[in-house]
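Welcome! Here are some short exercises for getting to know a new structure, each with a worked solution. Have a look at the model first, then try each task before reading on.

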Amino acid sequence: MRKSHTDSVISLKNKKDISNIFESGKVKYIDGIGIRIINNEEECNRVVIIPLHGYGNAVQRNKIKRRIREILRQCNICMDKGYDIAVIIKKTEQNTNFNQLKNKVMVLLSRFKILNEGIIKSWVKILLRPYW
C-alpha cells in the first residue's frame, strides 16, 4: 500500500526551489542546527536536509538525514501546511543523540510559529506515555 503525503516527508529536489529558500527564506539557528523556511503555495510541506561540508563520512551524513527526516515526519501532523523547509546541520552536531536533536528541531519550528500548539500538547502526552 502506498503512503500518502501526509504520512511522509516530501523531499525538495528542484534546484530553483532550493536556491529560492536560501535567497528569500527566513532563518533561525540553535547550536549546530539551522532552519530556513519560505511559503510554497501548496498543500504540503517540502523538505531538504543539508549536512554542511566536513560533516563526517557518507554513513554519518546519511544517519543524520534519516534522523531529521523521522523527526519532521513525526512533527508533520503538528505543522501548518504550505512551507518549503531547509534544515542545515553543522559539524558540531555529530555526537547529538536523537532526543536532543528532536528537541532542537521542535524549538526551531515553534520559533517560526508553524506548529499547532493545541495538537502539540496532545501529541506530547502520547509520546511521553510508557509502552508497557
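A salt bridge here is a side-chain nitrogen of Lys or Arg within 4 Å of a carboxyl oxygen of Asp or Glu. Keep in mind that this is a predicted model.

**Exercise 1. Find what joins D31 to K104, and say which parts of the chain the pair ties together.**

Solution.
- Step 1: Check the distance. The closest N and O atoms of D31 and K104 are 3.5 Å apart, and the cut-off is 4 Å, so the pair forms a salt bridge.
- Step 2: Place the two residues. D31 sits in the loop between β2 (26–30) and β3 (33–39), while K104 belongs to helix α3 (residues 98–111), so the pair ties together parts that are 73 residues apart in sequence.
- Step 3: Compare their surroundings. D31 is exposed, with a relative accessible area of 59%, whereas K104 is buried at 15%.
- Step 4: Look at the turn around D31. Strands β2 and β3 form a hairpin with 2 residues between them, and D31 in that turn has a positive phi of about 45°.

**Exercise 2. Work out which elements are tied together by the salt bridge of R46 and D17, and whether these residues are buried or exposed.**

Solution.
- Step 1: Start from the contact itself. The side chains of R46 and D17 form a salt bridge, with 3.4 Å from N to O.
- Step 2: Locate both ends. R46 is part of strand β4 (residues 46–51) and D17 is part of helix α1 (residues 15–24), so this pair links parts that are 29 residues apart in sequence.
- Step 3: Check accessibility. R46 and D17 are both buried.
- Step 4: Widen the view. D17, E42, R46 and D84 are linked in a network of salt bridges. The salt bridge count for the model comes to 6.

**Exercise 3. Describe where E42 lies and what it touches.**

Solution.
- Step 1: Find its place in the chain. E42 is in the loop between β3 and β4.
- Step 2: Judge its exposure. With a relative accessible area of 37%, E42 is partly exposed.
- Step 3: List its contacts. Leaving out residues up to four places away in sequence, E42 touches K81 and G82.
- Step 4: Relate E42 to D84, another member of the network. These two residues are 42 residues apart along the chain, and their C-alpha atoms are separated by 9.4 Å.

**Exercise 4. Put the strands of the sheet in order and name the edge strands.**

Solution.
- Step 1: Read across the sheet. It is an open sheet of 5 strands in the order β1-β4-β5-β3-β2, with mixed pairing.
- Step 2: Pick out the edges. β1 (10–11) and β2 each pair on one side only, which makes them the edge strands.
- Step 3: Follow β3 to one neighbour. 7 bridges join β3 to strand β5 (residues 83–89), and the two run antiparallel. Within this pairing, I38 has D84 as its bridge partner, and I35 stands opposite V87.
- Step 4: Follow β3 to the other neighbour. β2 and β3 are antiparallel too, joined by 5 bridges; here Y29 is partnered with G34.
- Step 5: Ask how enclosed β3 is. Of its 7 residues, 6 are buried, so β3 is largely enclosed by the rest of the structure.

**Exercise 5. Check the length of helix α2, then find which side of it is buried.**

Solution.
- Step 1: Compare expected and actual span. At 1.5 Å a residue, the 18 residues of α2 should span 26 Å, and its end C-alpha atoms are 26 Å apart, which agrees.
- Step 2: List the buried residues. They are I64, I68, I71, L72, Q74 and C75.
- Step 3: See how they are arranged. These residues cover an arc of only 160° around the axis, so they lie on the same side of α2.
- Step 4: Place the helix on the sheet. α2 lies across β4 and β5, running at about 150° to β4.
- Step 5: Add a pair within the helix. E70 and R73 form a salt bridge, with 2.7 Å between the closest N and O atoms. Both lie in α2 (residues 58–75), 3 residues apart, about one turn of the helix. E70 is partly exposed at 27% relative accessibility, and R73 is partly exposed at 33%.

Definitions and conventions:
Residues numbered from 1 in each chain as written. Predicted model: local features only at pLDDT ≥ 70, side-chain atom pairs only at ≥ 80, totals over all residues. Heavy atoms only, no water. Helix = DSSP H or I, 4+ residues; strand = E, 2+ residues; numbered from the N terminus. Buried < 20%, exposed > 50% of the residue type's maximum accessible area, 1.4 Å probe, protein only. Pairing = 2+ DSSP bridges. Contact = heavy atoms within 4.5 Å. Axes fitted to C-alpha atoms, helices over the stretch in contact; angles between N-to-C directions. Expected span 1.5 Å × (residues − 1). Arc of directions from axis to C-beta.
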